[in-house]
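Trainee: I would like to learn how to read a structure one feature at a time. Can we go through one together?

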Amino acid sequence: MSVSISRAILHILDPSLGVPVLSDNLMSFNDQMREYTEKHVLKCFNDADLKKTKFINEDGLFLKLIKEYKLNEEFKKFTNEIAEFFFKLIAENQDIKPCDLLFLQANVFNKDYIVMLKLNYKNGYIHFTKQEEGTKNIIIEQPCALPSASGKIDECIFVDLNTLEVFVKEKKCQVYNEPCYYISKHLLECKEEKPDKEKVKIITQATDKIIKEFYDDDVMMKTKVKNIIRENVEESLKFNVEDISDQVFEDREIKKAYSEEIKMKGIKEPEVKVNFNYANKIKTKQKFVTDEGIEINIPYEMISNKDKVEFITNPDGTISIVLKNIDNIMDK
């Protein structure tokens, strides 16, 4: 099994109740609930938005409680203190969604983790029977429905109990009048990292902006940038921002403008690392859409192969795309 759960407890953090409803006992699992929980743990662990960060406050509450738990294994005490702290965050900041917190000690792919799944409430609907001069069945809204087995959990934490490496998936919220990744900042007291998808998006958008400004929105240059990122991510789970600049731009002033645009958008480190989950989901094809709505999907490795694809700029400024040496065409 890739997931094995040894302990679990559920705490209810509904601010409309006035206080957190903390469980006195660990959860027991039937087959259905075990399947539900294991499925969500796996989906969260493999989520492309799960980012690796690190504790930056050695005296922070979460790190202190994790270290205490490693010594005494008082699971309920650990989860109670985290849940009470989290409830205070929710009660004082309306932008944070109310939830149930499901805490687990689980072995995931042969490593032991403390896992916190934030089960944000969703509106659902259930049937309800009223007695009004006989039976009357109606549908009512259930405002505290939990994510379904096929749904997605928006926020979670994994802490490796051996190395204390920490992984988090979170939403940016307005907390104490400041937009921030609040789980990292206020609960974990970790370095606030942008999700890998957001970092790559910032790089590509900044590059697109420079190409539009200085190179008349050259489509092939944009494609070259995406291909450089894809190849580096596939090979080493990282790419260098300066390498992109050197390979795409020749003019020193344009390189400077590009560097300033990247930094202004919040990417200050020269090397951008991405996790394995994101690398597996990165696009392998470039989609082109003409002004008449024709869509063409071309594998990245084929774009620069002139024996297969050629982009020709015509004298009148239009572009022709020539597909070559095709053995077979299928209707899909």
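Trainee: Which residues form a nonpolar patch on the surface?

Mentor: Keep in mind that this is a predicted model. The patch is made of Ile-12, Leu-17 and Val-21, and together they have about 230 Å² of accessible area. One of them, Val-21, sits in the loop between β1 and α1 (31-45). Val-21 has a relative accessible area of 38%, so it counts as partly exposed.

Trainee: Now a helix. How many residues does α2 have, and how far does it reach?

Mentor: Helix α2 covers residues 61-72, which is twelve residues. From its first C-alpha to its last it reaches 16 Å, close to the 16 Å expected at 1.5 Å a residue.

Trainee: Which residues of α2 are buried?

Mentor: Start with the general idea. An α-helix has 3.6 residues a turn, so residues three or four places apart point the same way. In this case, the buried residues of α2 are Phe-62, Leu-63, Leu-65, Ile-66 and Tyr-69. Seen down the axis of α2, the buried residues fall within an arc of 165°, so they line one face of the helix.

Trainee: What covers the buried residues of α2?

Mentor: The cover includes both strands and helices. The strands are β1 (3-13), β3 (99-108), β4 (111-120) and β7 (155-160). The helices are α3 (75-92) and α4 (182-188).

Trainee: What should I look for just after α2?

Mentor: Look at the backbone angle phi. Glu-73, just after α2, takes a positive phi of about 55°.

Trainee: Where is Phe-109, and what is its phi?

Mentor: Phe-109 lies in the loop between β3 and β4. Its phi is positive, about 50°, although Phe-109 is not a glycine. With 44% relative accessibility, Phe-109 counts as partly exposed.

Trainee: And what is the phi of Tyr-176?

Mentor: Tyr-176 is not a glycine either, and its phi is positive, near 50°. Tyr-176 belongs to the loop between β9 (172-175) and β10 (178-181). Its relative accessibility is 38%, so Tyr-176 counts as partly exposed.

Trainee: Is a loop residue such as Phe-55 buried or exposed?

Mentor: Check the accessibility against the cut-off: buried means under 20% relative accessible area. Phe-55 is in the loop between β2 (51-53) and α2. At 13% relative accessibility, Phe-55 counts as buried.

Trainee: Which residues is Phe-55 in contact with?

Mentor: Set aside the neighbours within four places in sequence. Phe-55 is then in contact with Phe-62 and Leu-63, which are among the buried residues of α2. The other contacts of Phe-55 are Leu-164, Val-166, Leu-188, Glu-189 and Cys-190. Sequence distance and spatial distance are read separately. Phe-55 and Lys-185 are 130 residues apart in sequence, and their C-alpha atoms are 9.9 Å apart in space.

Trainee: Where is Asp-49, and is it buried or exposed?

Mentor: Asp-49 is in the loop between α1 and β2. Its relative accessible area is 18%, so Asp-49 is buried. Not counting residues up to four places away in sequence, Asp-49 touches Val-168, Lys-169, Pro-195 and Lys-197.

Trainee: Which residues does His-186 touch?

Mentor: First place the residue: His-186 is in helix α4. At 19% relative accessibility, His-186 counts as buried. Leaving out residues up to four places away in sequence, His-186 touches Phe-85, Leu-89, Val-175, Tyr-176 and Cys-180. Tyr-176 is the loop residue with the positive phi near 50°.

Technical notes
Residues are numbered from 1 along each chain as its sequence is written. This is a predicted model: local features need pLDDT of at least 70, side-chain atom pairs count only at pLDDT 80 or more; totals for chains, interfaces and linings use all residues. Side-chain values use heavy atoms; hydrogens and water are left out. Helices (H or I, at least four residues) and strands (E, at least two) are DSSP runs, numbered from the N terminus. The expected span of a helix is 1.5 Å times one less than its number of residues. Buried means under 20% relative accessible area, exposed over 50%, partly exposed in between (1.4 Å probe, protein chains only). The arc is that of the directions from the helix axis to the C-beta atoms. Contact means heavy atoms within 4.5 Å. Patches are made of residues with over 30% relative accessible area and no salt bridge: like charges are joined within 9 Å, nonpolar side chains (Val, Leu, Ile, Met, Phe, Trp, Tyr) within 5 Å. Accessible areas come from the Shrake-Rupley method with a 1.4 Å probe; for residues, only the protein chains shown count as cover. A salt bridge is a side-chain nitrogen of Lys or Arg within 4 Å of a carboxyl oxygen of Asp or Glu.
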